[in-house]
Structures are given as structure tokens and as C-alpha cells.
Amino acid sequence: MQIFHRSANTLSRFSIFGAVFLAAFALWIIYQLNRSPYATQQREAKRQPVPFSHEHHVAGLGIDCRYCHTSVETSSFAGIPPTATCMNCHKEIWTGAEMLEPVRASLRSGEALQWQRVHRLPDFVQFNHSIHVHKGIGCVSCHGRVDQMPLTWQEEPLTMAWCLECHRAPEEHVRPKEKVFDLAWEAEDQETLGPELVREYRILEKTSCSVCHY
Amino acid sequence: MIPKTPHYGMMAEFDDPTSLVEAAERAREHGFTRMDAFTPFPVEGLHEAIGFHHTRLPMIVLTGGIIGFITGFGMQYFAQVIHYPLNIGGKPLNSWPAFVPIAFEVTILFAAFAAIFGMLGLNGLPEPYHPVFNVSRFAFASRDQFFLLIEANDPKFQQEETRRFLQSLNPLEVNDVPW
Amino acid sequence: MTDRPEHLDLATFRARLGEGEGPEYWRTLDELAQDPSFEEMLRLEFPREAAALGEGVDRRDFLRLMSASLAMGGLAACTPQAEETIVPYVNAPERIIPGKPLFYASAMEMDGVGLGVLVESHMGRPTKIEGNPEHPGSLGATDHFAQASILSLYDPDRSQTVRARGEVATWSAFVSALQSNLQPLRARGGEGLRILTEPVSSPTFADQMAKLRQRFPAAVWHTWQPVTGDDRRDGARLAFGRPVHTYHRFAEADVILSLDADFMMRGAGAVRYAREFADRRRVRKDKTEMNRLYVAEPMPTTTGTMADHRLAIQSAAIEELTRGIAAALGLGGEASSGQHATWIGAVARDLRAHAGRSLVIVGDSQPAAVHALAHAMNSALGNVGRTVFYTEPLEANPVPQMSSLRALVADMKAGRVEILMVLGGNPAFSAPYDFGFAAAMNRVPFRVHLSNYYDETSARSHWHIPAAQYLEAWSDVRAYDGTVSIVQPLIQPLYGGRSIHEMAGALSEDVRSGHDIVRDYWRETSGAGSGFEAFWNRSLHDGIVAGTAFPPLALSAGTLPPREEPERWGGPEVVLRPDPMIHDGRFANNAWLQELPKPITKLTWDNTAHVSRATAAAMGLSNGDVVEITAGHWSAEIPIWIVPGHANDSFTVYYGYGAERTGTIARGIGSNLQPLRTMGSGDLLRNASVRKSAKKMRLATVQEHHALSYEMSEGAGARRDIIRSGTISQYVANPRFADEPGHELEGGPSLYPPWPYPGNAWAMVIDTNVCTGCGICTIACQSENSIPVVGKEQVLAGREMHWIRTDHYYKGSPDSDALEMFNMPVPCMHCENAPCEPVCPVQATTHSDEGLNDMTYNRCIGTRYCSNNCPYKVRRFNFLSFPDYETESYKLMRNPDVTVRSRGVMEKCTYCVQRINAGRIEAEKEGRPIRDGEVVPACAQACPTRAIVFGNKNDENSEVARLRSEPLNYGLLTELNTQPRTTYLGSLKNPNPELAPAGAPATAGHAES
Amino acid sequence: MSSNDLNPPHPQVASRLEQAPTITPGHTFGSITDKISTIVLTRRTPPGWFIGFGVAFLLLMMMLNAIGWLLIKGIGTWGNNVPVGWAFDIINFVWWIGIGHAGTLISAILLLLRQSWRTSINRFAEAMTLFAVACAGIFPALHVGRPWFAYWLFPYPNTMALWPQFRSPLMWDVFAVSTYATVSALFWYIGLVPDFATLRDRANSRIWKIAYGMLSLGWRGSAKHWYRYETAYLLLAGLATPLVLSVHTIVSFDFATSVIPGWHSTFFPPYFVAGAVYAGFAMVLTLAIPVRRAFGLEDFITARHLDNMAKIMLTTGLIVAYAYVMEVFFSWYSGNIFEMYMMFNRAFGPYWWAYWLLILCNIIVPQSLWLRKVRSSPVTLFIVAMFVNVGMWLERFVIIVVSLHRDFLPSSWGMYSPTRWDFMLFFGTIGLFLTLLFLFVRFLPMISIFEMRTLLPEAQVHED
């Protein structure tokens, strides 16, 4: 005697293929999510105690990166400016600005400003700003056009795969040392310039694990 | 399946493999081409008796195996030599002897998949609904009874003539197989 | 900041800004940005040079840095990243460049002697102690105490507040209480005021006490600590009739006789001595002379392992031996006819043959007579002024400590003491048992205690003041030769501790800060006058005050000390020694030292009674058996550890354990031997009885985790060609004996082509010939790489985490004096064909392009296959969550350049890759190759004997390359074709032909055991 | 047997060559079908089943407990240390995997060898294989320090641009074991399909009809289907044979490719495979003997089956014994101090007892199988099988722990002692194994019905 209805045949085959496709699709979704800006926290501006605008200070006033990030050429850590640095100018100008009250408060009380970290690497990654700057890797390569960011966000994914892109092919990203802090600069022909600079600056393709992890 | 004929076919029941095989051979001599037989276990020579001679399965499995080997070795070569070459204990990037075991395993895996899904595919399984189940006696096809089916879409199939022919094989029963 | 008129500075900058306004103003700014002087201004406004010159309280602004430093600290994290705040300074302190360590010179004081150090500071947090190359006592190396002191600094168990009768109080309250109690004493010239310190060599403190004496002529300064060194002082008195300090110059000594002196690990100048001794011992292609060392001692020591001829002899018998040698040197007394006659004769002849280039040194635990005899011998041999030097005492108060304390206790009992100031130490626990110090204290109306912990003595004091560590407070201290170092703090006192100077200040109503007290003293005495700033800055920068070394005294000891008839005594002797790791107990709460394997025994976390195999067999003792030692009517229990090479009928026991209130780590571990330390006893119990008890104790040793028979374990060291040793004469005959065919370094033929290393190729050479087995490399590594301690139970389970260990091997019969001992530090070999790498399924361990065997913690899933497949077993696995993530202070201590390893992750020696990378980055920035010696791993840097050399073997001028080409160079287990980057230099002895064991083994080095 | 291997005769002849039949005479297609299917279809469960299942289930809960604690605290709760980085975890893994092998051997290799007697035990043995592999699979996943990252063992594109390290025998394991598990499972299921059809047609409740109906994929015994089915089955057997040999070969590579004395040994693969078959048949007997008794299947699992399996055990046991002797010989012949000491340490070191117990269980006791009396009595056979089960576990203990605890440098020698968590996890997996087994015998035909039918003489078509 018949147990199943005619439709069962179609159903059973469909469900089998359906299951396979569903599984494949799920994997694909996970894969995409992992590299999505959502997971890497790209392009999301953190809310800061003071809505500091790189756009205004860098593009508008043309202040050099190093005026605030003093140790970028000497240390692993680029350095976050002490309140005093802000006040160098702001005790002269916009002294009354409501927006800047936290800064003045900090100087009065000696309580440090608590900035939200935007570019955060895990603690098992050892990154050194100074060597990258010295080897002609521009700020823009990792931080994007900060001079166009009213509020600072993380432009690049900062995943290991992303780091490796450059460590494997520095010639595609290297720039003349004097252009390192020039966010707008772009090579007219990187194909020829890149390899030259790699030779000139003796840039090593460093992909061993202990270059970053120890 | 869109029924063009009133029935799916006609089925004769036997109680031992030998008579079924003989019946099948008779049917073929009689000129029937579209028939099938159902048994509780594989019966030797029955498939020739109903005029079914060879299957493409071995070729499918071989293909599966070859694809498997290429995938298995290719994956390892890509990972260790092309995508992220690393010095592992001073061994060469392409330490192919070390890649053999995995290549082998993947070969087997793919071949096995080919064998099983190939077989199911060729057999058109899963197929929970099939007209033959409409015959109440057919439940014994999975126990100890043996059935010969002449399909209605066989060019030589005529209701009465076919029934007469099947009766001549002295089966236990002859049944129409409704859609 | 220094004035710089010619430069544009912020003031002028702002002035210019002021000139215009509106759009014009902005233009000015833009122009400024183009202005080359702008760049210049940036640099000067935020100076980045990191000279230690100048006084800068601002740089020690500590608390505000915590969060910023934590942001960089290596606490394991996971991606995607959690929200994190980053906290800048409010006013950027000078010289600190975030992310870059700074080094400051200072000195660590112990037993009144200073060791010069350089302290690495990250963002105002001291994180690592290194030796100060400028300092005579250090020469760039340290001892294990200095390395461990960084942990003691951050010890959360330290006393954290002033207490009055146990209740939280304030410093000012204490000062006023002290003053009000001093008031009545003023009339009587301070009679009844007693100050008890540990030995102090600080000139500043001496000056403070002198001034105090002027205010209170009747006040008395007592000095005592558990390790008194009284016998040394009395010996000097016997010989010269006055207290005299002795120091030695091993660099000049060809023949050295050490009488129970572990001069390479203990006492003033040990670090310096080890270095000088080793320099005379290194054998190279072009240098085949070695010094010769005779050692007579009961318990094998680091010095003993280096001996060319070691006599295992009872401590009590050493005086007899010494008199024998003195007699043989013609200093009178009848020549010895004892069992050691030949030894004595040979040694005496050797000493005389090297008169003026020989040296006799005596251990602190030997009686005064032996010290006096040594003085006489050195004088007779003309060593004084060449290898032996006499100076004024280092201590400011060189009194016989035992009698000083006895007098104090007597007065306390008699009620003659009204104010007792105990500055440091824990006498209520550690004073001789029968003094009844604790009880006597209660008779004193006003008791004050300055100490690290709220300990037994603090509990019996009215006032407890937390003590500041040397990294927290200003002071000064003398080195083994008298050279003064300014003790320069790097951090404000974590727990509001106070220095002895501030305590003395409190007594004399001196309200100056510790810094001012020290600085003013030197302003007065340096005589630098107007140049004082420069003088002061140079002294701070160099870590030593130039020209403060004591001038040698022209003294000579002629007469032998009278021989008093040694009282008859039976049964075995019991020798009391301070523990090599926790000393007199002051480091009992230091987990690094507790877990640092003690030399020879490799025991951790416990003190034991050491005994020879023969004596143990006779008494039916085996390792871990607890014995009861009874002396007079006092007794104590302690487990046994059998030590090949120990003198028979002699027990050597380590004291220092047992205090209950010196921290949570110290509590309840080890055996308390205080009952045996009585008035009369000194360091030697002659008439003690040792009885086996029913108890047994599990002892955690990192080598031979279980009782192995001698033949199977120690002997194997030589049998398996792990240790390659011979005599200097064998070396001359066949320099390559250590690296014979069969284990050639480059390994056998390989199916695979060799991997090329065109750039740097890091390598390490370890000279087993000068390794004393002290273990300082281990603790230096622990500090540099934030290696966790695991505790006794985990050590017993075989899970200790040290990245570099010192293996200990024997050769020769365990019961004869021919027994040789060898030390072999074993870090990761960084094999070019590393067996660990191909077995890792996730590429967590790989090879770097400079030949490092990288271990990527964050990729490791912890299969432990690499460890199984490592023939050297140098890999360490985090079986549990070992690092302490809770204690805030430990977070501050950890090296921010090293990742903290989480549970389930493998780790191992990295050749200090963080230092290599830092060095490479600096070199690359300057566009030059890394200089030889620019990158030094922590172990090599701390090693007193420079036994570990690291560098780039591709650079044929590097020291490491030269050493690898030495004939003595060999690799460990090279028959496995691992091609290790870490190699060893074979070990050599320089035996006296007279005493050389008949028929030395023909196969040099590979003597069977 | 060997004669059969050389020139496989017609099954019937084969059965005549043997003294005892593979199926007691007097059975018909129907009787076989009913006898086996009623065990499954009868809705009344014997109380004995509940007791057994209960015990097994408790053990299973204990395993989950042990795993939970392991995840909370870490590997440190086990006795492992340095130098003994692997212990119970890998011992149990190898032990279970080894046990699994008998199943595939019976279903695949004996099929190729036309050993018709295999049919009544192969379904059962295959089930055992699956469950054993399930138990084995737990250990590689859990023995790692950070199990939550165990998925890094699989090659998948990731944001780290990293791949597994395919030179590692552990990676080979991952592929070998997962392939083995997959193929065995498919092989097993395919074998079940025709029997599901039988159950579908004979189940009397609609739910079960549907359930078995779905599982049977609408199998209807068509001659064409049977033809392709047998082709596929034969091909699978042909694939499973090298597979099963490769699996334990690769497991042995975990040790053979290392440098550790006692591991670094070229003859491990054959030695391990033989050991696996040895252990597997021991386990089949350990299970089959009580089960045939409990469900009265003596007609199908006859004295002849026990006898054959005993003989296979004896043969493989002798191969293993030969391997032990060779190990001793090599260590002496190598003249290498490390190798020599390793052997000395096994026999006379602190773990001497494990070595000699192993010799007793794996070599001395099984020699009794030379006696027909022992082979023919289920009781004695069961006891011998038990000895072998223990012995094979000890073999892995000796190879793994005793080799590791004293290798090259005496300074880093150590001792190993398991904790209660080690034991809980081990016995827990036995619980998992038995739980699955009890469910299997209750809900699936533990003997292949359709293959049993072919054993009857009337199944043969006789031309005339």
C-alpha cells in the first residue's frame, strides 16, 4: 500500500538540495560578515568627549600631524596630545567656546581627557609607527584621509590579511619620505616610483610571524 | 508523471527467484522491452533477464576520485606555496611527500560521495511515492515475494493480451498497477 | 627645558599669532607651518631626547599614567576589539616618549652593600633591572636578588599604610607622637633611645646618625641582621686588631683557595668576583691558560661546581685543614698528618709557587680563626695589595652584631629602653631564639617599626611605618670596594613608604624630603661647590659617585690566631646557611625567587637539610624524609635532600623560611629553623642530634622529578655526550675533542636543500666552562618576558614555566672527591631544522627569515605536539590560567613589549625577539646594520660571568661567530640534524698534576660514569 | 581462511568448506525477515535493555561533566605535563580509532574476499565502527589547549590570510578521521536502505511506517536498482579498504614522523594497522557474544563466526607480538644509547608494570586461541577478548607515556600520573559508545536482513 503522497517525491528531492544550498549560503554569509565593515568597525565615528575635527585642524588650519602626534617618528606609539598642547592655541583663540569646556576643565583639574580609541590593534600585535614612517609609508595608507574626517573613524579594516597586502607588496604603497605626512599626495605613476623607493629605502618584505607577534 | 495510459503497468507475483528470472526471460523473448522486476534481495542475472546490461557508475566514481585528488593536492599547494609561504622547520615550501596523505584522503572522500550519490541519482532515489506500492501484495517484495512488472507504455502492451501472457507464466497472482 | 633664545618658541609663536586677526591670522599660521623653524620648534617644544641627566620629579608622575600604560600593556585581548579609552597626559612630562622605555641608574642595597643597576622604565613604571656597566660591583651584570626586586616592588602584600597599634594612621600623627615621646628624653641626652638597623653603608645616614648623636649623646645605635658576618669582622680584629673590610681582585689570581666561600654567589662583590674569575677561565684558540680553583666545603655550591679540586669536608674540619696549609706555607703550627695531608701539601706548594698571584678566601660561616689564618696566609704569600685589599669597613656602624643585639635585649629586659626604633628587618621573628627579643620588646614603652610587611615585629610595635623600596626613595650606598652610588627612585612610593633617612629625619625634627636629605648631604660633602649641579647630575647619570672608592690600607697580618682546643663532640655537624634564594627570609614573599631552582639541588619552594649519599644510607634516609634536628633543648623538623658531593656526617640546612606574617606567598611554606638559631650556636651546631621522623614531604625539584638512581640520571649527562668536558692538557692535545665526528655541528646529509639566511642569522653560544649554575639568567628571563610562576603543586606536576633552565650534571664517582659537577643553561635551540615546526597543525610555530623559531601565541591552539617533539624539552605550556590578571600592581610590572600568554597556549624562549625587533627598527631608521652587541637577550645581559653570548653569526666579526668557530664549540643532540643556533663551549678543568686522578680518561670529555 | 583468500570460491562452496554453517538450516526468507525485524518492530522493550541503557546513559552524563570542567579550567585538570604532553587524551583516541577498524574490515575487506560469513556480523560491526569513531573524535577536539579555536584545523578562507600547516600529521589525522567517519556512515546507511524498506512494509504503526519510509528513500527492490546498488556497494568496499588502512597508518604517523625514541620508527604503520584489527575484533566479540545471547541470534551468529573471528585475532595478535619483538631488536641493533635506554626504561623503568601487563594481555593470554576448546566456547572467548581490549589500551600507554617521560635529556625527565578527570572522560566515552549501541540494537536491524536472505540455498537461481 502507498504511504506517501505523489508530492513526496518532489518534496524529498527539493528538501535535500535545499538543505545543501542553505548550508552553503549560511557559510557564505558568515564569511562575508567576518570581513564586513560591521565586524571590523570601519567608518564608524566614535563619540568623543570633545568633537575634535581633524578636517578643520588639518585641512583647514594645515597643522602638521606631528604637532600633536609628537612621537610618531621616534616611538612605536604616535602619541596623543596632552591637554597642554590643545591649550597652546586655545588659550588664545575660541577661549570661550562651549565645545572646548572639557579641555579647559581638564587643564584646570589636571584630570586627563578620556578619548575613545579609534584605531585599536589587539594586544598580541606589536605595531611600531616610527619604522613605517621612516620607510615612507604615509599616514593616509592606514588612516585614510583624516583631513576629510569631521569626526575620526577607522578607514581600513586593520585585519591581518590587510596588513599582509602591504607587507607582501610594499612597492604598491611606499611614497617619498617627504610626502609621508601629506595626506593628499598621490603618485602619478606608482609602478615605476614604488620599486625605486623600495630599493632606495631598503624596504624589507617582512612576513615572518615574529615581526608583529611576540 | 502525467498518466497517458489508464494504468502504470501490470505486475505478476512469484515466490522464488528462479521462476522470476525465467518469467523475465520469457517476457523479453515475447518482445516486451519496458519491464522491471522487484525482489527482496539482489538476484543474480535478473538485470540481464530484463534487458538491463551496464551502468555508468564506475566512470562517475573514477571522475570523483580524480577531482578529489586535484582538489586535495591543489588546496595544500596553494596554501603552503602560493598564498602564504612560510619556512616550516627548514622544509621546502612544496614538501609534496607530506601532502600525499591528505590528497589521498580527499580522493577517497570524493570518490565515495560520487559512488553513493551517483547510485542514488541513477536510481532516481529518493522516490517515496511509486505506483507499484499501490499493489497491496507488493509489501511482500521486501520480504519473500518476487514481482515482474510490464510497464503500460511498452509498445507491445495491451491490457488483455499482456494479462494473458503473464498468466501463462503461472505466477501466484497478476495485478494491474494503477497510477 | 633649557633656554633657547635663537629659536622660535611658543611664546614668540603666540606673539606672531597675536599680530593679526581674522583671515590674516590664519594665513600667518599657514606660513608658520611652512617655516622651517616651525619644525624645529615642534622638536624643542616636545623634546624627545631621553638623557637621564637632571632631576625631574615630574617624570615620576605615576597614577595618571596607569590607564595609558595599560592601553599598551600586553594583556591578552580578542578581536573584534572592545571599546577602549586612551588617556593622554595633561602636561606632558619631559623626556617620556610614550611607548619608549627609559633607563635610569640606581643601586640596590643588601647587607649594607650596594649593587649598581640600570632600571628600565616604561611610562614611569620600572619594569626591569639591569646591571650598571659603570658600577664596579656590577660591570653590567646583576645578581638574582636585583632581578627579583622588581617583583618585590609591586608585591601587593607590602604594608600599605602607617599603623598605630594596628589601626590605620598617618605619618604626621606618627611624627608628633614620636616627638612627644622624645620630649622627656631630651633632658637625659636621649638616654633610653635605641635605634636598631640592619647594616647600613649609606654616608648620608651615617651623617644623619652623627648629627643625631649630637642632639642625643646617650642614644645608642644597634646594628643586627640574621646574616651577621660577625666571624668575618672578628677574624679581622684577630688579625689586625681593628675592624677591616676585605675585598679581592680575582683578575690577578692564578691560584685560588676557597675555604667554604661561595664567593661567586654570596657576599659583597659576588657579581664582580664571578666576572673576574670567569675572565681568567675562558679558554680560546689563542688563550690556553686557566686559573686554578681549590675549594674545601661541606655542601656543593656554585663556586664548588667550578672547582678544579674540590674537597668535600665538614665545616668544622676546615679550621684544621687551614692550619695545616698555613703550616705547610711555613707560618708555624705543626704540619698536618691527617687524611688530607696530600691535598694540603699540593695546595700549599701551588700557592707558594704562585705567591703574589694567589688568593685565599674564607666563607662568612667559618669561625674567626679561619679568617685570621687566611689573612696571615695572604700576607705571607704577598697577595695583599695585589689580589687582596684591606679598607675601612663599609658599614657606618661596624659593631659586632650579635653582641650589639644581646646588649639591646638585655637593656630592654632591664627596662632601660624607652624608645625603640627598629628600622628594617624582622627581629621579633629572626633574632636568636633564646634571646626572647619579642618578649623583651613588650618592656619598651614606645616601639616603632619600619618594614616592608606588617610582620611579627610590626605587630609588637606601637607604630608601624611601611618601608620604601630602593626604587621608591632616595638614598646612597657603598659598593664592595666603597664606591658610593646614589640610590635614585623611579616611581613615587606605591604604598606611601618611607626611607630610613626620613625616619632619622623624624627623630631630629628634620622635615626635608628624602631627596633633599641625600642631595643636601652631598652638596655639603662633595666639595663640588658651584659645580654641584654638574657633579650631582653626573653621579645620577653614571650611577656612581666618582672617586669614592676606599683607598686600600697597608696592613699585614703576621701572627697566627691562638688555637683553642675544639670541644669534643659526637654525632654529625649541622651547618646553618641562609637560603640561596630568599636569603635570611627577606625575599620569602617573592614568588620568582621561591620558584627559581636552587643551585645544585634544583629545588623550589622549600628549604631542606642536605646530606651525602653515604651518610643518608647509613641513617636510612631518602629524599623527602623529614628529620628532627635537636640542639640543646631546641629542635626543628626539616626534609632531607641527598646531594652527591656533600661531606659525610654533615647536614647543611638553609634557614630563612617560617615567618608567618611576611606575605601570603611566604606563609606556610618551608621549614622554620629559628629554634636552632640560638645565642651560642652561630652557624654551626656541633652537638646536634638528627633523628629520622615518620613524616615524609613531597619536594618540588625541576630536575629529576623523582628519585633517580645516580647512574641513570646524573651519569647520563656525560654518557649521552650532553656534557663535553676534559682537562686543559687534553684540550691542548686535541682542541676539537668536544666536537668530534659523530656529532658534528652541521648535522648529517639532508634530502632537502638548506634554507638560505642572507640577512641576520641570530645565534647564541653558551660557555659551559664559566657557567656557575646560579640561575640568574632564568630569573632575568622571567622578568623580561613576564613569565608567570606556577606554585609548588604545579612544579610537582612538572609544569614550571621557565624559558631558560640550568641543567646540573655530575661526572665521576658520587662519593669521591673526584666528582665533577657541570652546569648547562638550556634555552630554546632555535634549530634551523626545528622538529617542533612541521608538527604544528596551525602554523603557530614557524621560522623567521632571520632564523628565529617563532612562537605565535595568538595562533596556538595548544596541541602540545611541538613540545612532545622537542628533543630539548624547552617548550612550556600554559596548562592552566597561570598569569595573575587580577592584581593591578602586577599589570604595571609586566613588560608591555611582550604579550601575556593565556591558558592553553605554548610558549618558549624567543631570543628576546622584542629586543631584536627594537634593535632592528632603530638600525633601519638609521639605515645601518645592527651592531654586534646592540641586541642582548635578558639572560646574556644579566649573566655575571658572561657565559651567554648572542649575536649575528653571518657577521664574521661578531663575537658569536668567533665563538662558533672555537674548537670547543659543539651542538646539543646534533645527531638529530636539528642544526641548533644555540651551541655550547665544552667545559675544561685545570687540575693540579700532583692531585690529578691517576690515568685520566683517554677519551677526552666522554668519560663514562 | 587463507585458502579462501587465494582463490575466492562461490559463497555456497565456501560455506561447505567450513565445518559449521553460517546460518542454521531450516530458515526461509520469511523466517529470517521476521526473526530480525521483530526485534526492532516489537513495541515492548525488554527491561534488561532499560537497565543497560540507564547505566550507559549515566556514564555519558559523567562524560559531559568532565568536558564541562575541562572547558572551564583547562588541560591542567588532567595529568599531562612537560615532558608528557600527551597521555590519556591521545591514548584513548588511538584506542577508539583502532577499535573502529574491525567494522570496516569486516564490511569491506571481507566482502571483497567473498567471506560470506561476514554478512551476519557486518551491520553490527559497522555500527560499532561509527560509534567508536564518534568516541575517538572527541579527544582530538578536546585535547587542545584552546578547544574553542579547534576550527582553525580546517582550511577555510579567513581574515588572517592563514591556513593550516598541512605537513603536520595532526592535519593528516583531521582529514583521515573525518573522511573515515563520513565514508563509514554513508556505507552503513546505504547498507541499511533495503532493510528500512522491509521495516517500512512491516511496521504496523503509521508513524513508524513514515519514519522507516523516509529512511528507505522509497526503495522498492527494482532489479535495476539492485544492480547499481551492488556496483556502488562493491566500489565503496574497494574505496573503504585502502581508506581504513590509511587511517591507522596516518595515526601511526603522529608518532613515527617524530624524533622521540620509541616513536620514531618506520614500521609503525603495519604494526598499528594489525593492532587496530586485533583490538577491533576483540571488541566485536566483546559485544557480539552477549548480544547474540540476549536476543537469541545464535542461529545467525553461529559458532563458526566466533571461530573465524578468534582466528583473525590470533593471526593479528601474532603480528603484533612480532612487532613487540622487533621493537626490542631494533633498539639493541640501533646501538643508539637513546633507543637502547628507551627499551630498557619500558621494561625496567618506573612503568615496568604497564609493559609486562601489556605482554601478558596481548601476547601470552591470546595464545590460548590455538585451542579449539577456547575458540568454541563463547565464555572463554569473551574473557580473552577482554584481555586484548585492556592490552591494546596499555600498548598505547606504553608507546605514548613511557616514551615521552624519559627522552633525550635526563634533566627534563618526568613522571605522569592521571587525575580523576582523565578517568572520568575515558569511562565517559565508553558510556557514549554503549548509549549509541543500545539505541542501535533497539531501533535498527542489527543484522543485515537482505544479505542474510542471500545466504539461503533457495536464493541461488539454478539454470536448467
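Colleague: Which helices and strands of chain C each supply at least two residues of the lining of the largest cavity?

Modeller: In this predicted model, the strands are β2 (102-110), β7 (193-197), β16 (446-451) and β18 (475-478). Helices α5 (144-153) and α15 (427-430) of chain C do so too.

Colleague: Why is it called a cavity rather than a pocket?

Modeller: A cavity is space where a 1.4 Å probe fits but cannot get out, whereas a pocket is open, so this enclosed space goes by the first name. The largest cavity has a volume of about 1,100 Å³. Its lining counts 48 residues, and E109(C), E198(C), G424(C), N452(C) and R586(C) are the closest to the centre.

Colleague: What makes a residue in the lining of the largest cavity nonpolar, polar or charged?

Modeller: The residue type decides: Asp, Glu, Lys and Arg count as charged, and Gly goes with the polar ones. Therefore E109(C), E198(C) and R586(C) are charged, while G424(C) and N452(C) are polar. The whole lining has 22 nonpolar, 19 polar and seven charged residues.

Colleague: What about the second largest cavity, how much volume does it have?

Modeller: About 220 Å³. V702(C), E800(C), R805(C), D807(C) and R876(C) are the closest to its centre, out of 22 lining residues. Strand β31 (residues 805-811) of chain C gives the most to this lining, with three residues. By class, the lining splits into seven nonpolar, nine polar and six charged residues.

Colleague: On to the two chains. How many residues of chain D are in contact with chain C?

Modeller: 59 residues of chain D, and they meet 55 residues of chain C. Together the chains bury about 4,500 Å², and carbon and sulfur atoms give 58% of that. On the chain D side, V82(D), R146(D) and L409(D) lose the most area to chain C, together 16% of what that side buries.

Colleague: How do you know that K873(C) forms a salt bridge with D407(D)?

Modeller: The rule wants a side-chain nitrogen of Lys or Arg within 4 Å of a carboxyl oxygen of Asp or Glu. The closest N and O atoms of K873(C) and D407(D) are 2.8 Å apart, so the pair qualifies. Across the interface of chain D and chain C, the rule finds two salt bridges.

Colleague: How many residue pairs are in polar contact between chain D and chain C?

Modeller: There are 34 such pairs. On the side of chain D that touches chain C, α4 (47-73), α7 (169-202), α9 (223-256) and α12 (337-348) each supply at least two residues. That side divides into 36 nonpolar, 16 polar and seven charged residues.

Technical notes. Residues are numbered from 1 along each chain as its sequence is written. Chains are lettered from A and ligands numbered from 1 in the order in which they are written. This is a predicted model: local features need pLDDT of at least 70, side-chain atom pairs count only at pLDDT 80 or more; totals for chains, interfaces and linings use all residues. Side-chain values use heavy atoms; hydrogens and water are left out. On a 1 Å grid over the protein atoms alone, a cavity is a set of points where a 1.4 Å probe fits but cannot get out, and a pocket is an open set with protein on both sides within 12 Å along at least five of seven lines; lining residues have an atom within 4 Å of a point. Grid points are joined across faces, edges and corners, and a volume is the space filled by probe spheres set on the points. Helices (H or I, at least four residues) and strands (E, at least two) are DSSP runs, numbered from the N terminus. Contact means heavy atoms within 4.5 Å. Buried area is the accessible area (1.4 Å probe) that two parts lose on being put together, summed over both. A polar contact is a pair of N or O atoms within 3.5 Å; within protein, one must be able to donate a hydrogen and the other to accept it, and residues adjacent in sequence count only if both atoms are side-chain atoms.
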